[in-house]
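I opened the notebook to record, entry by entry, what I looked up in this structure.

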Amino acid sequence: VEAVNLIADGKAPRIPQPEEGATYEGIQKKENAEISWDQPAAALHNWIRGHDKVPGAWTTINEQMVTFYGSSLLDASVPAGQELAIKGASKPGLVTKNGLVVFGNDGKMVLVKNLQFEDGKMIPASKYFSADETTALELTEEEKKIAEDIR
């Protein structure tokens, strides 16, 4: 009660905070979030999950920094998928219909749902090999009329 009354009366002591050790920089930095592949799947999952969203756990794929988001441990048989070489990984990842499967040094698996490239483009990991494909939007005659009306 005394402290509240001192504040209300404008008589509370003011102690300046020292600037030594003060920083406005974020503690987590992108350069410190690179994935070290020589660890068990649970540690890989925790690393990816712990850096999800900021700054984002990353690795190098095809000479490009790729950030992983949305990991989960995968406790099943090895799914079918297209192999993807990952720098530093002892075993290539697998691009499957559910996402990118990566392997820990214990042989267990981690499923990654989303990937973000250096240019900021984010895609579902399952679409890695089809990321460059674009499809044209085909409108029906009725939709074309509606589009004209909107214009």
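**Entry 1: a loop residue and its surroundings**

Between which two strands is the loop in which Ala 89 is found? I worked from a predicted model throughout, and in it I found Ala 89 in the loop between β3, residues 82–84, and β4, residues 93–96. I then asked whether Ala 89 counts as buried or exposed. Its relative accessibility is 19%, so I entered Ala 89 as buried, the cut-off for that class being under 20%.

I looked up two distances from Ala 89. The C-alpha atom of Asp 149, which is 60 residues away along the chain, is separated from that of Ala 89 by 54 Å. For Asn 105, which is 16 residues from Ala 89 along the chain, the separation of the C-alpha atoms is 8.7 Å.

**Entry 2: Asn 105**

I followed the second of those distances to Asn 105, which lies in the loop between β5 (99–103) and β6 (109–117). Its relative accessibility is 42%, so I wrote Asn 105 down as partly exposed. Which residues is Asn 105 in contact with, once its neighbours within four places in sequence are left aside? I listed Trp 37, Asp 38, Gln 39 and Pro 40.

**Entry 3: the loop between α2 and β1**

I turned next to the loop between α2 (41–50) and β1, where I found His 51. His 51 has a relative accessibility of 12% and therefore counts as buried. Leaving aside the neighbours within four places in sequence, I noted that His 51 is in contact with Ala 33, Gly 56 and Ala 57.

I then went through the peptide bonds of this loop, bearing in mind that most peptide bonds are trans. The bond that joins Asp 52 and Lys 53 is cis, with omega at about 5 degrees, and I placed Lys 53 in the loop between α2 and β1. I also found a cis peptide bond from Val 54 to Pro 55, where omega is near 0 degrees, and Pro 55 is likewise found in the loop between α2 and β1.

**Entry 4: strand β1 and the loop after it**

Where is the place of Thr 60? I located Thr 60 in strand β1, which covers residues 57–61. The relative accessible area of Thr 60 is 15%, so I recorded this residue as buried. Not counting residues up to four places away in sequence, Thr 60 touches Ile 86 and Lys 87.

I continued to the loop between β1 and β2 (64–74), in which Asn 62 lies. Most residues other than glycine have a negative phi. Against that background I noted that phi of Asn 62 is positive, near 50 degrees, and that phi of Glu 63 is also positive, near 60 degrees. Glu 63 is found in the loop between β1 and β2. Are these residues buried or exposed? I entered Asn 62 as exposed because its relative accessibility is 60%, and Glu 63 as exposed with a relative accessible area of 76%.

**Entry 5: the protein as a whole**

I finished with the overall description, and counted 3 helices and 7 strands in the protein. Read along the sequence, these elements follow the pattern α-α-β-β-β-β-β-β-β-α. The radius of gyration is 24 Å, whereas the globule rule gives 15 Å for 151 residues, so I described the protein as more spread out than a compact globule. Along its principal axes, I noted that the C-alpha trace spans about 75 × 60 × 30 Å.

Of the 151 residues, 29% count as buried. The protein exposes about 10,900 Å², and I noted that carbon and sulfur atoms supply 51% of this area. Among contacts with a separation of 6 or more, I found that 51% come from residues 24 or more positions apart. I also looked up the charges, of which 16 are positive and 23 negative, and their mean positions are 4 Å apart.

Lastly I consulted the record. An unreviewed UniProt entry carries the annotation "domain: Formyl transferase C-terminal" for residues 29–130. I noted that this span is 10% helix and 39% strand, and that its end C-alpha atoms lie 30 Å apart.

Notes:
Residues are numbered from 1 along each chain as its sequence is written. This is a predicted model: local features need pLDDT of at least 70, side-chain atom pairs count only at pLDDT 80 or more; totals for chains, interfaces and linings use all residues. Side-chain values use heavy atoms; hydrogens and water are left out. UniProt positions are given in the numbering used here, feature names are shortened, and annotations may be inferred rather than shown by experiment. Helices (H or I, at least four residues) and strands (E, at least two) are DSSP runs, numbered from the N terminus. The radius of gyration is taken over C-alpha atoms; the globule rule is 2.2 Å times the number of residues to the power 0.38. Buried means under 20% relative accessible area, exposed over 50%, partly exposed in between (1.4 Å probe, protein chains only). Contact means heavy atoms within 4.5 Å. Accessible areas come from the Shrake-Rupley method with a 1.4 Å probe; for residues, only the protein chains shown count as cover. Lys and Arg count as positive and Asp and Glu as negative; His and the chain ends are not counted. The place of a charge is taken as NZ of Lys, CZ of Arg, CG of Asp or CD of Glu.
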